[in-house]
Amino acid sequence: MRIAGLLRLAFIAVVATLAGGSAFAAETNVAVAANFADAVKEIAAAFKQKTGHQAVLSFGSSGQLYTQITQDAPFQIMLSADNERPKKLVADGLAVADSRFTYAIGKLVLWSKTRDYVKGEDTLKAGAFAKLAIANPSAAPYGAAAVETLKALKLYETLQPKIVQGNNIAQTFQFVDTGNAEAGFVALSQVIFTEGGSRWLVPSNLHSPIAQDAVLLKAGQSNDGAKAFLAFLKGTEARTVIEKFGYGIGE
């Protein structure tokens, strides 16, 4: 009888562990576009609490991350700031075709730490600044959108001598935040909770849509944590966080 009781207690302990989601916890390495850093940290924390799986996050420009993946960096998921690089990864045979989806629609803003400094496109037309920060347009989709905006306003050639480029949108934000540039084009998500300063939400008709796609890499096909994270990213809890940080939601 005593042995049967001990076996019963052991069975209950195993069931409790399984219910807590930690018995089969997995770890997945996620390459994340720099603009999505704050949002994905919150999503990853909720994901771990709910599933027991852990998403290990690495940040950079979409171009940098794409290059790293093609050079066998140990990622299982890419969360890009565009849809072109996930498409290329599928074409390269490095990602699972039917796993790609748009997790967020990015929004571009012209931002300054100085109150009342940014007054719409008039700030750009006046050009009363020494430096205008943008992300490297060849590596960062938000940088490409900034160039498109300036060209649409017929200001690119005039302002080009004043442009300073960050390697990614995080570094671009730092240029403005530290005062090394009076204004810069950054992601709305980076400044949505920032008090003070001034900003202009760039009209979407001035640049191509910033559709941010996620994709499961071939290296993550057998990783339960990777598949679970992408499923979680599509869910209500993650979508609420995405909207909170100023993104639109993909279909």
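This section describes the overall architecture, two helices with one buried side, a residue of the core, two loop residues and the internal cavity of a predicted model.

The protein chain contains 11 helices and 10 strands. Taken along the principal axes, its C-alpha atoms fill a box of roughly 85 × 40 × 30 Å. Of the 251 residues in the chain, 47% are buried. Among contacts with a sequence separation of 6 or more, 76% join residues 24 or more positions apart.

Helix α3 spans residues 62-70. Its buried residues are Ser62, Gly63, Leu65, Tyr66 and Ile69. These residues lie on the same side of α3, because they cover an arc of only 165° around the axis. A general property of helices bears on this arrangement: with 3.6 residues a turn, an α-helix has residues three or four places apart pointing the same way. The buried residues of α3 pack against three strands, β1 (27-33), β2 (54-60) and β3, and against two helices, α4 (84-91) and α6.

A comparable analysis was made for helix α10, which comprises residues 224-233. Here the buried set consists of Gly225, Ala226, Phe229, Leu230, Phe232 and Leu233. Viewed down the axis of α10, the buried residues fall within an arc of 160° and therefore line one face of the helix. At the start of α10, a side-chain oxygen of Asn223 comes to within 2.8 Å of the backbone nitrogen of Gly225.

One of the buried residues of α10, Phe229, is also in contact with Val40. Val40 belongs to helix α2, residues 37-51, and counts as buried because its relative accessibility is 0%. When neighbours within four places in sequence are left aside, the contacts of Val40 are Val32, Leu57, Phe59, Leu79 and Phe229. Between Val40 and Ala55, which are 15 residues apart in sequence, the C-alpha to C-alpha distance is 9.5 Å.

Backbone geometry was examined at two loop positions. Most residues other than glycine have a negative phi. Asp72, which is not a glycine, has a positive phi of about 70°. This residue comes just after α3, in the loop that leads from α3 to β3 (77-79). Asp72 is classed as exposed because its relative accessible area is 68%, the cut-off for this class being over 50%. Lys154 likewise has a positive phi, near 60°, in a residue other than glycine. The position of Lys154 is in the loop between α6 (141-152) and α7 (156-159). With a relative accessible area of 73%, Lys154 is also exposed.

The interior was then searched for enclosed space. One cavity of 30 Å³ or more was found, and the largest cavity holds about 60 Å³ of space. The lining of this cavity is formed by Ala33, Ala34, Asn35, Gly60, Ser61, Ser62, Ala81, Ala140, Pro141, Tyr142, Asn168 and Ile169. By class, the lining residues comprise seven nonpolar and five polar residues, and no charged ones. Ser62, one of the lining residues, is also among the buried residues of α3. Two further lining residues, Pro141 and Tyr142, fall within the range given for α6, residues 141-152.

Note on methods:
Residues numbered from 1 in each chain as written. Predicted model: local features only at pLDDT ≥ 70, side-chain atom pairs only at ≥ 80, totals over all residues. Heavy atoms only, no water. 1 Å grid on protein atoms, 1.4 Å probe; cavity = no way out; pocket = protein on both sides within 12 Å on 5 of 7 lines; lining within 4 Å. Points joined across faces, edges and corners; volume = space filled by probe spheres on them. Nonpolar A, V, L, I, M, F, W, Y, C, P; charged D, E, K, R; others polar. Buried < 20%, exposed > 50% of the residue type's maximum accessible area, 1.4 Å probe, protein only. Helix = DSSP H or I, 4+ residues; strand = E, 2+ residues; numbered from the N terminus. Arc of directions from axis to C-beta. Polar contact = N/O pair within 3.5 Å; in protein donor to acceptor, adjacent residues only side chain to side chain. Contact = heavy atoms within 4.5 Å.
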